[in-house]
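Biologist: Hey, got a minute to walk me through this one? I'd like to start with the ligand.

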Amino acid sequence: MKLPFELPIETDRLLLRLARADDVDALMDYSADPEVCRYLPYEPRSRDEIEKTMERRLGFTDFTPEGHPLFLHVELKEAGEMIGEFLLFSRNVEARQGEIGYVINPRFQGKGYALEAATALMDVAFKKADLHRIEAKCSAPNDPSWRLMEKLGMRREAHFKEQALFKGEWDELLIYAILQREWVELHP
Ligand SMILES: CC(C)(COP(=O)(O)OP(=O)(O)OC[C@H]1O[C@@H](n2cnc3c(N)ncnc32)[C@H](O)[C@@H]1OP(=O)(O)O)[C@@H](O)C(=O)NCCC(=O)NCCS
């Protein structure tokens, strides 16, 4: 299926582009880090696992209805360095529901890159892909993640208490969302 927007998505400091085979080292730099994976649905990855992940990602180039997510790698425009990843899921085609996910290499966190990339991705998702609603989820103790959602203007719609066991502990799940008309009002 043809993507409903052009790639790369360009911001002041970043490019959001498809994964490339030579991103393996950059991915290894953070996907093997236990702190990064603390609230992600996988454990720190070995080089072998990262190479397999990359092989799959190279095929994730479209916005497939209710299938795999579109994987976009975040690159610093000036340095040409890959610093993280954004995922855009199509959750329901008829109701135009989407979901985003994100990881930024800790070496590059705290500089506003996640906010810059998320704003650009959500803008095309609402304005070019015509999504009606975008959701994001995280564990309640993952402060940087829910703070990002709030900076994006998303609304906290749910806080599920002890709704699952995650990595051996009770999980508190937060769900945030924003509607297309709310986004357009914030970003005309
Ligand atoms: C969640 C995550 C992507 C946030 O990454 P980030 O790049 O640090 O996030 P932001 O873009 O929001 O920037 C964070 C800080 O940079 C500051 N900042 C510095 N320079 C800035 C600039 N030029 N513009 C905007 N903010 C800037 C902001 O004030 C913000 O601080 P605050 O949270 O105290 O308000 C990151 O913590 C991460 O990858 N975590 C591990 C993986 C994970 O858990 N993912 C989410 C799973 S649900």
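Biologist: So how far is an oxygen atom of the ligand from a polar backbone atom of Leu 115?

Modeller: That pair is 2.8 Å apart. Keep in mind that this is a predicted model.

Biologist: OK. Which polar backbone atom is 2.9 Å from a nitrogen atom of the ligand?

Modeller: That one belongs to Tyr 102. There's also a polar backbone atom of Ile 104, sitting 2.8 Å from an oxygen atom of the ligand.

Biologist: And how much of the ligand does the protein bury?

Modeller: On its own the ligand would expose 970 Å², and the protein buries 71% of that.

Biologist: How many residues surround the ligand?

Modeller: There are 21 of them, and the closest are Ile 104, Gly 110, Leu 115, Arg 147 and Lys 151. Sorted by class, the shell has eleven nonpolar, five polar and five charged residues.

Biologist: Which element gives the most to that shell?

Modeller: Helix 5 does, with five residues. The elements that give two or more residues are strand 5 (97-104), helix 4 (113-127), strand 6 (133-139) and helix 5 (143-151).

Biologist: Switching topics: how many disulfides does a search of the whole structure find?

Modeller: Zero. As a reminder, a disulfide is a covalent bond between the sulfur atoms of two cysteines.

Biologist: Why is there no bond for Cys 37?

Modeller: Because the closest cysteine sulfur, in Cys 138, is 16 Å from the sulfur of Cys 37, and that's too far. A disulfide needs the two sulfur atoms within 2.5 Å.

Biologist: Is Cys 37 buried or exposed?

Modeller: Buried, because its relative accessibility is 1%. Cys 138 counts as buried too, at 6% relative accessibility. The cut-off for buried is under 20%.

Biologist: Last topic, the nonpolar core. How many residues are in the largest one?

Modeller: It has 41 residues. Inside that core, the residues with the most contacts are Leu 88, Ile 100, Leu 121, Met 122 and Met 154.

Biologist: Which elements give two or more residues to this core?

Modeller: There's a whole list, including strand 2 (14-18), strand 3 (70-76), strand 4 (82-92) and strand 8 (169-179). Strand 5, helix 4, strand 6 and helix 5 are on that list as well.

Biologist: And where does the largest share of this core come from?

Modeller: From helix 4, which puts in nine residues. In general, nonpolar side chains tend to be buried together in soluble globular proteins.

Key. Residues numbered from 1 in each chain as written. Predicted model: local features only at pLDDT ≥ 70, side-chain atom pairs only at ≥ 80, totals over all residues. Heavy atoms only, no water. Near = heavy atom within 4 Å. Polar contact = N/O pair within 3.5 Å; in protein donor to acceptor, adjacent residues only side chain to side chain. Areas by Shrake-Rupley, 256 points an atom, 1.4 Å probe, with all protein chains shown as cover. Helix = DSSP H or I, 4+ residues; strand = E, 2+ residues; numbered from the N terminus. Nonpolar A, V, L, I, M, F, W, Y, C, P; charged D, E, K, R; others polar. Buried < 20%, exposed > 50% of the residue type's maximum accessible area, 1.4 Å probe, protein only. Core = buried A, V, L, I, M, F, W, Y, C linked by side-chain atoms within 4.5 Å.
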